[in-house]
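Please follow this structure from its strands outward to its cores, its annotated site and a few individual residues.

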Amino acid sequence: MGWLFLKVLLVGMVFSGLLYPFVDFSISGETRAPRPNIVIILADDMGWGDLGANWAETKDTTNLDKMASEGMRFVDFHAAASTCSPSRASLLTGRLGLRNGVTHNFAVTSVGGLPLNETTLAEVLQQAGYVTAMIGKWHLGHHGSYHPSFRGFDYYFGIPYSNDMGCTDNPGYNYPPCPACPQSDGRWRNPDRDCYTDVALPLYENLNIVEQPVNLSGLAQKYAERAVEFIEQASTSGRPFLLYVGLAHMHVPLSVTPPLANPQSQRLYRASLQEMDSLVGQIKDKVDHVAKENTLLWFAGDNGPWAQKCELAGSMGPFSGLWQTHQGGSPAKQTTWEGGHRVPALAYWPGRVPVNVTSTALLSLLDIFPTVIALAGASLPPNRKFDGVDVSEVLFGKSQTGHRVLFHPNSGAAGEYGALQTVRLDRYKAFYITGGAKACDGGVGPEQHHVSPLIFNLEDDAAESSPLQKGSPEYQELLPKVTRVLADVLQDIADDNSSQADYTQDPSVTPCCNPYQITCRCQPGE
C-alpha cells in the first residue's frame, strides 16, 4: 500500500517549469558502455501511400522524406493487426494478440487493458536503467493499473484512447461530422455510436486529467513541446532514454492549425498530413541537436487508412485489394488485405543505419520489441514466446532477410477477432477468410470462408487482384507449406504462456475530471 501511494504521488506531479522533477535522471551503479536512446513514433491510420518517399506525388511529408534519405525506408513493413489496440499491444510486447490477449479495441468504459502479466518494452528498459516517457495516444487501458504510468513509463502526457472517443468544443473534421460537446443536458451519444456527446475527450498528464475536453487544434504542438523537453532533459542526464510517441494524426477528427479558410476534404487531409510531418520534424531536429550519434528513431504506422472516412482517409498506394473491392467493401483498416496492415516505416540513426537505403525485408511492428531490447543490452522477458525477431542486421544494412512467415490477425472485417486466417509466406499471401470493411459508400464486403485458401503472388500482384489458379503447379506446391506453417503457429500459441484481456465495461471507469459538470468538463487550473 505504501509503495502504491508513493508511485501515485510521484507520477501524479504536474508538469512545471522544472522539467520532469519526479523522474530520477541520476546514474547509479558501475559505468557501462553507452546504450542507444530510443525514439518510437507511431502514426495513426496513415496509409502506405501517404509517405512521399513511398508513393505520394504531392510530397506533403518533407521531414519524413528527408529522414528516409538520411536513413532507411522499409517498403514491406506491416502492422501486427489492422486496428488500434491490438497493433499497439503487439508493438509493446512483441507478441500477437492471441498471445498477449489484446484482439480488439478497448472502450471508454473498459475496465481492463493490456493484461498485467504482459511485460511492456518500457518496463524492460526501465529495469535496464532507461528513463522512459510516453506521449500521445495509449489505447491499452486507462483504469487503475492499466494506465501507462503503471506500465513502465516514468512520464505520460496524452489521451487514453482515440481522438474520436469523446467530444470536444472544436470537434475538427470528421465524416460524417460530429457535434461539439453539449453545454447542457439533453444530448446523448447517437445510436450508432459514431459520435460521443456524453463525455468529453480527456488529456492526461501522468495520472491527472489536466484538460477535458482537450483542445484538438493545439494538441500536436503540445505533443511536440513535451517530446522536445523530455529529450533535452534526458540527454543531459547521462542515462539512456525511451520516448514513445503515439500520434493522433491521421485518425479522424482531423484538426489543422490554423484552420483552413476554405476547408475541402482533400486539402484538409493534406494539411493535417503536413502538420503531422512538422511534429515529427521537430522531434528529429531535437534529436539531431542533442543526441544524434546515439539515438535510434523509428517511425511507423499502426494500421492502414480508415476508408469509410472517404477523402479524410489516406492512400493505400498500389495495395488496392482489388479482389475484395470487386466483392464489396474496403480492403483497408480492419481487414487483412495489404491496405489494412502494410504501413509506412523508417529508421534513422546517423553512423549506424546506412543512408538513403530502401529495405525490402519483410518486417513487422512486432520486431521493434526484440530489436530494441537487444540494442539496449537487456534480456527478453522469460517464460513466453515472441512473434517478433531481432532485425538489427537489417537496420545496419548487413542483411535484407526479415521474416519468411507473417500472420495477419482478423481485425474486425471478417472472422473472430485475433484469429490467424491470413498467412504471408515469402512473396505469397494466403487467405482462409476474406471480407471488406465499411467503405466510403457505406457498403461492406461479405465474410467468405475459403477451405482451399486464396493465394496471391504479391511480387507480381501487389493489388491482390487475381489469386493463383487452384489447379496450377505453383498453387499445389504452396498449399502444404501454408497449411504447415499455420498449424505450427497455432500449436506454438497453444503451448505458450498466453494472456487474456479483460474486456468488461463499466460506466464508472469513464475518465472524468468533474462528474458534476456536463460531459465531465474541466479546464487547466480548475
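In this predicted model, a convenient place to begin is T132, whose bridge partner in β8 is L242. That bridge belongs to the pairing of β4 with strand β8 (residues 241-246), which runs in the parallel sense over six bridges. Strand β4 also pairs with strand β5 (residues 155-158), again in the parallel sense, over three bridges, and here A133 stands opposite Y155. Strand β4 itself, covering residues 131-136, is mostly covered, with six of its six residues buried.

A further set of strands is arranged otherwise. The strands β13, β14, β15 and β16 form an open sheet in the order β13-β14-β15-β16, with antiparallel pairing. At its edges lie β13 (405-409) and β16 (448-457), each of which pairs on one side only. Averaged over the sheet and with direction ignored, neighbouring strands are turned by 20 degrees against each other. Between β13 and strand β14 (residues 420-425) there are four bridges, and within this antiparallel pair P409 has L420 of β14 as its bridge partner. Helix α12 (residues 473-494) packs on the sheet, touching β13, β14, β15 (428-434) and β16, and its direction makes about 125 degrees with that of β14.

From the strands we may turn to the cores. In soluble globular proteins, nonpolar side chains tend to be buried together. The largest nonpolar core here has 56 residues, of which I41, M46, L64, L243, L247, M276 and F299 touch the most other members. Helix α7 (residues 265-290) gives the most to this core, contributing nine residues. The surroundings of F299 illustrate the packing: beyond its neighbours within four places in sequence, F299 is in contact with I41, A43, M46, L64, L247, M276, V280, P344, A345 and L346. A second, separate core comprises 52 residues, including L140, Y244, I368 and L395.

Helix α7 also holds S272, a residue that counts as buried because its relative accessible area is 1%, below the 20% limit for that class. Residues up to four places away in sequence aside, S272 touches H249, M250, L254, S255 and V256.

Which residues does UniProt list for "binding site"? The record names D44, D45, C84, D302 and N303, and although these are spread over 260 residues of sequence, they cluster in space, with a largest C-alpha distance of 8.6 Å. Two of them, D302 and N303, lie in the loop between β9 (295-301) and α8 (322-327). D302 is buried, with a relative accessible area of 0%, and N303 is likewise buried, with a value of 0%. Sequence neighbours within four places aside, the contacts of D302 include the listed residues D44, D45 and C84, together with others, among them R88 and L365. On the same basis N303 is in contact with D45 and C84, and also with residues including M46, K333 and G340. Between the side chains of N303 and D45 there is, in addition, a polar contact of 2.8 Å.

The last residue to consider is L380, placed in the loop between α10 (368-375) and α11 (392-395). L380 is classed as partly exposed because its relative accessible area is 39%, which falls between the limits of 20% and 50%. Apart from its neighbours within four places in sequence, L380 is in contact with F369, P370, I373 and F386. Its C-alpha atom is separated by 30 Å from that of E416, a residue 36 places away along the chain.

How values were computed. Residues are numbered from 1 along each chain as its sequence is written. This is a predicted model: local features need pLDDT of at least 70, side-chain atom pairs count only at pLDDT 80 or more; totals for chains, interfaces and linings use all residues. Side-chain values use heavy atoms; hydrogens and water are left out. A nonpolar core is a set of buried Ala, Val, Leu, Ile, Met, Phe, Trp, Tyr and Cys residues joined through side-chain atoms within 4.5 Å. Buried means under 20% relative accessible area, exposed over 50%, partly exposed in between (1.4 Å probe, protein chains only). Helices (H or I, at least four residues) and strands (E, at least two) are DSSP runs, numbered from the N terminus. Contact means heavy atoms within 4.5 Å. Two strands pair if DSSP finds at least two bridges between them. Axes are lines fitted to C-alpha atoms, for helices over the stretch in contact, and angles run from 0 to 180 degrees between N-to-C directions. UniProt positions are given in the numbering used here, feature names are shortened, and annotations may be inferred rather than shown by experiment. A polar contact is a pair of N or O atoms within 3.5 Å; within protein, one must be able to donate a hydrogen and the other to accept it, and residues adjacent in sequence count only if both atoms are side-chain atoms.
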